[in-house]
Number of protein chains: 2
Amino acid sequence: MDVIRKNKISIRDIAKECNVSVATVSRVLNNSSAVKEQTRLRVQKVIDKYNYKPNELARGLYTQRTKSIGVILPEITNHFFAKVFLEIERAALEYGQTVFLCNTLSDYKLEDFYTERLTEKQVDGLLLLGGRVNQTKTNIQYVNLLKREVFPTPVVIINGKLDNYSENCATVSSDEYEAMYQAVQYLTGLGHRNIAFLGGKKGIMSTDIKLAALKAAAKSYNFVIKKEWIKLSDYTYQGGVSAMNKLLAEKDKPTAIIAINDEAAAGIINTCISKGYRVPDDFSVLGFDDSFIAATTLPSITTLSHPYKKLGSIAVSFINDMINEKPIGKDKNISLRMSIVERQSCKRL
Amino acid sequence: MDVIRKNKISIRDIAKECNVSVATVSRVLNNSSAVKEQTRLRVQKVIDKYNYKPNELARGLYTQRTKSIGVILPEITNHFFAKVFLEIERAALEYGQTVFLCNTLSDYKLEDFYTERLTEKQVDGLLLLGGRVNQTKTNIQYVNLLKREVFPTPVVIINGKLDNYSENCATVSSDEYEAMYQAVQYLTGLGHRNIAFLGGKKGIMSTDIKLAALKAAAKSYNFVIKKEWIKLSDYTYQGGVSAMNKLLAEKDKPTAIIAINDEAAAGIINTCISKGYRVPDDFSVLGFDDSFIAATTLPSITTLSHPYKKLGSIAVSFINDMINEKPIGKDKNISLRMSIVERQSCKRL
DNA sequence: AAGAGTTTTGTATCCGGTTACACCTTTTTT
DNA sequence: AAAAAAGGTGTAACCGGATACAAAACTCTT
């Protein structure tokens, strides 16, 4: 079967109509070197007449720059990822880059697949968030593009880290460890010393970090986290519900609850209310992430917010430094402070 | 400044190492025509050895297919758009397509800008949702790519429509008019005849359609919608709050409330509860969209769900029909039925 | 073993841009 | 006014694939 060529108008057509060479048209398009004003105008006129836009494929083929970057994340329906993505796109726009979005649904095969796909599409860089890079102990296979010694595609990881080959990629993270300290400081400041931790999942980075930080903070503030007050489940609303139900089954009860994230916190709050407890009167509940849901529960959730804007803009600027082979140096692993957003779910004891 | 070429390994390198022509390597890559098994294996071996992946830019330049499609929408942080996007991507994957995501933040300039950008990037098709196409009366400028008589980029609009140039694009929509009929039938079935409508904004398609449908349905079911029970605001949680506050200021009160969407419904419910009313005992509240929030409020929201999966898969299949120049015929404007999801926010009178 | 038919492979061109380098003008310098 | 410098433009090669067409290498007849 013959390929049907949709010969759109090309630079050669423009050149012919202007009686100039393609080089001149190209110069006008890119403002790359001096063109006599008179010629410039003549060419521009024809460009406008046909509303001619250069083919970015052809351009990219020669320049080795596509001005496209790829973002790989688990699920864009998750509000956290959506917020980060929005900031990434906003930042990319400033660098003239457009972004591919790939959802892996936490399927490792899809992670690998998309990594390859985007590389074939010659993206200038790759941003990874969540997924395998959030697994504390997994040896990451899909980042074998980082192993390539020659001209690897620049990779930046947001809120995750790589144990192997990390020298080939930069990371930008929210400092969840420190954030947990803030959380504990805030709650102890309100008089709480009996604190539970609900939700999350062992082996996932943000859970492991938060738990470790919580234990360390407890030691600093001189109280203990009872084992039976730690109920892991997952990162969902339902996870919050089930963890809270387990907690309520204990005879000893805390006065404050730290949830792995806002979705779980919402589940926790609603479970309390359904069972006749009041929030924050009977339990103070603290969330993480500052998701959309945090502002829409009753009571609304006091939470630790990610520095979304910075997360996106720094990641994109890192990518561009790497693209332009500027050394990022030792600052290539940045940790950003999270900040508390006070709402209604926590109360002085 | 000299351009630095990152000469990655190319098809010519592979060909040389195998002592065959580039044509043969290309044939192996694409399984396009018979290659002697022995040769095939030899070539494949070298391909694997270098983990060689063909450059999609070069391929696309010749084939005039990028296997990329673009999605333009207002804001991915909006759960409705995120859900649709996820389905689009899933469907695109089956066609071997990867997708660019562009957020316009409802800025018309950005809509135009991205439309142009994506066209320059030679996307095989464009999917539009929300934004200007959701404005009932605006004359759409940015779809002037549809005006091109020769080889226009295929465009499919999801939940929107175009007044001009619509013959050049297909549409896939949720039938919100019929959905409102379902809503009214459901509420009247529960004995409600005093129904309010809160949220939304005049001039936006889904508001205008729903209002018109509500009035028509009221007529069919023989009741009237009081003017003072229609409080427009917007599509947000806060919009629900403010509309509900206005409604509560009226001395005459309805028994059921239809919200423009679930976010507004959440605001409405929380406002009721904050003011000492009970939902669904004092007010039944019905939402639209089946957003994430609908399952996480207390009470959870009974709502009309979009056919997300179909919305995405049909849109993508339309795009591909257009790409392959298959005539879509008169079915190119499809309207899909929404379905009610019963939760806890509505109750028999 | 020559000729016909089939299978496999190679050559050269194309896709649509960018740019090094050469060449031709024009302006400036002396 | 000639030489040097600067300015403007064109030619041709290149980026890395796909494929039409030609040619070579087989296989099968008779």
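Visitor: Which atom of DNA strand D lies 2.5 Å from a polar side-chain atom of B:Arg59?

Guide: A phosphate oxygen of the strand. A polar contact is a pair of N or O atoms within 3.5 Å; within protein, one must be able to donate a hydrogen and the other to accept it, and sequence neighbours count only if both atoms are side-chain atoms. B:Asn30 also has a polar side-chain atom facing a phosphate oxygen of strand D, at 2.9 Å, whereas B:Arg12 puts one 2.6 Å from a base nitrogen.

Before we go on: this is a predicted model, where local features need pLDDT of at least 70, side-chain atom pairs count only at pLDDT 80 or more, and totals for chains, interfaces and linings use all residues. Residues are numbered from 1 along each chain as its sequence is written, chains are lettered from A and ligands numbered from 1 in the order written, and side-chain values use heavy atoms, without hydrogens and water.

Visitor: How many residues surround DNA strand D?

Guide: Count a residue as near if one of its heavy atoms lies within 4 Å of the strand. That gives 32 residues, with A:Arg27, A:Thr39, B:Arg12, B:Ser26 and B:Arg59 the closest. Of the strand's atoms within 4 Å of the protein, 59% belong to sugar or phosphate and the rest to bases.

Visitor: Which helix gives the largest share of that surface?

Guide: Helix 4 of chain B, with five residues. Helices here are DSSP runs (H or I, at least four residues), numbered from the N terminus.

Visitor: How do I read two packed helices?

Guide: Two packed helices are described by the angle between their axes and the distance between the axes. Axes are lines fitted to C-alpha atoms over the stretch in contact, and angles run from 0 to 180 degrees between N-to-C directions. In chain B, helix 2 and helix 3 (residues 37-49) pack at about 85°, with axes 10 Å apart. These two helices of chain B are therefore roughly perpendicular, a label for angles of 65 to 115 degrees. On the helix 2 side, the contact (heavy atoms within 4.5 Å) includes B:Val25 and B:Leu29, and on the helix 3 side B:Val43 and B:Ile47.

Visitor: And how are two chain copies compared?

Guide: Two copies of a chain are related by a rotation about an axis and a shift along it. Here, a rotation of 180° with 0.0 Å of shift superposes chain B on chain A, RMSD 0.0 Å, by least squares on C-alpha atoms of residues with pLDDT of at least 70 in both. That's the relation of a two-fold axis. In chain B, the C-alpha nearest the axis belongs to B:Phe100, 2.1 Å away.

Key
Angles under 35 degrees count as roughly parallel, over 145 as roughly antiparallel, 65 to 115 as roughly perpendicular and the rest as oblique.
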